[in-house]
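I opened the model to look up a few helices, their contacts and some single residues. The entries follow in the order I made them.

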Amino acid sequence: MMSPAEETPAQEDQEEYYRAYFGTDADYYLRKLALYRAGTKITFNIGAFFFGLFWMLYRKMYVPAFFLMLALLLQSFLLGQAIQYYGITDVKAVLLNNTATVAWSVLVGFLGNWLYLRQAQAKVERALQEKQTEQQVVNTLSTQGGFTLIPHILVAALILGSLLFNQW
């Protein structure tokens, strides 16, 4: 067990914990964390830009993914209402939809690392506050962090099931 003096190691002594949380991409995220701590809060993540919601699910960012999904649904609904209300042509509707898609991609691309680093900090701080040995903290963080393919497999299964169900 950690002694009271060791309960919250200095930021520079926490690399092992962050490395456990970040998993296989630890070097990339540790560089982003160093920038974050130096004052550069917003950096660009190409994976978040191209894959958005799926990147968030992959990185176990379930709460931000939920709110992004709600925002996308609301934006889609409002765009549909605006298209109907203003009688926008199909060509302009596609242009509006594509513009909105690019805008969301850019937003998630620039906010992805910030959201992920904030989540990582919260998880590391929470793990360090628990009365655990260093190895238990590392094990906890490696379980909570890293990545998962489970949501992607579930979505693929739902799509496949839907396609098969619609064939009958």
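**Notebook: helices and single residues**

I started with N166, which lies in helix α7. The model is a predicted one. I looked up the accessibility of N166: the relative accessible area is 57%, over the 50% cut-off, so N166 is exposed. I then took the C-alpha distance from N166 to L74 and got 27 Å, for two residues 92 apart in sequence.

I stayed in α7, residues 150-167, for I153. Its relative accessibility is 55%, so I entered I153 as exposed. From I153 to A48 the C-alpha separation is 19 Å, with the two positions 105 residues apart along the chain.

Next I looked up L149, which sits in the loop between α6 (134-144) and α7. Is L149 buried, exposed or partly exposed? The relative accessible area comes to 47%, and L149 is therefore partly exposed. I checked L149 against Y58: the C-alpha atoms are 6.0 Å apart in space, while the residues are 91 apart in sequence.

**α3 against α7**

Y58 also turned up in the contact of α3 with α7. I looked up the helix axes before the residues. They come within 8 Å and cross at roughly 125 degrees. An angle between 115 and 145 degrees counts as oblique, so I noted α3 and α7 as oblique to each other. On the α3 side the contact uses F54, L57 and Y58, and on the α7 side P151, H152 and V155. By class I have five nonpolar residues, one polar and no charged in this contact.

**The loop after α3, and α4**

K60 lies in the loop between α3 and α4. I noted its backbone: phi is positive, about 60 degrees, although K60 is not a glycine. Most residues other than glycine have a negative phi. Is K60 buried or exposed? The relative accessible area is 18%, under the 20% cut-off, so K60 is buried.

I then checked the length of α4, residues 62-86. With 25 residues at 1.5 Å a residue, the helix should span 36 Å, and the end C-alpha atoms are 36 Å apart, so the two values agree. I listed the buried residues of α4 as A65, L68 and L79. What do they pack against? I found α3 (46-58) and α5 (90-129) as the partners of these buried residues. Just after α4 I came to G87, which takes a positive phi of about 60 degrees.

**α1 against α5**

The last pair I looked up was α1, residues 15-22, with α5. The two helices pack at an angle of about 120 degrees, and their axes are 10 Å apart. I therefore entered α1 and α5 as oblique to each other. I noted the crossing of α1 past α5 as right-handed.

Which residues meet in this contact? From α1 I have Y17, Y18, Y21 and F22. From α5 I have Y116, L117, Q119, A120, Q121, K123, V124 and L128. I sorted the residues of the contact of α1 with α5 by class and got nine nonpolar, two polar and one charged.

Notes:
Residues numbered from 1 in each chain as written. Predicted model: local features only at pLDDT ≥ 70, side-chain atom pairs only at ≥ 80, totals over all residues. Heavy atoms only, no water. Helix = DSSP H or I, 4+ residues; strand = E, 2+ residues; numbered from the N terminus. Expected span 1.5 Å × (residues − 1). Buried < 20%, exposed > 50% of the residue type's maximum accessible area, 1.4 Å probe, protein only. Contact = heavy atoms within 4.5 Å. Axes fitted to C-alpha atoms, helices over the stretch in contact; angles between N-to-C directions. Parallel < 35°, antiparallel > 145°, perpendicular 65-115°, else oblique. Left-handed = near helix turned anticlockwise from the far one by under 90°. Nonpolar A, V, L, I, M, F, W, Y, C, P; charged D, E, K, R; others polar.
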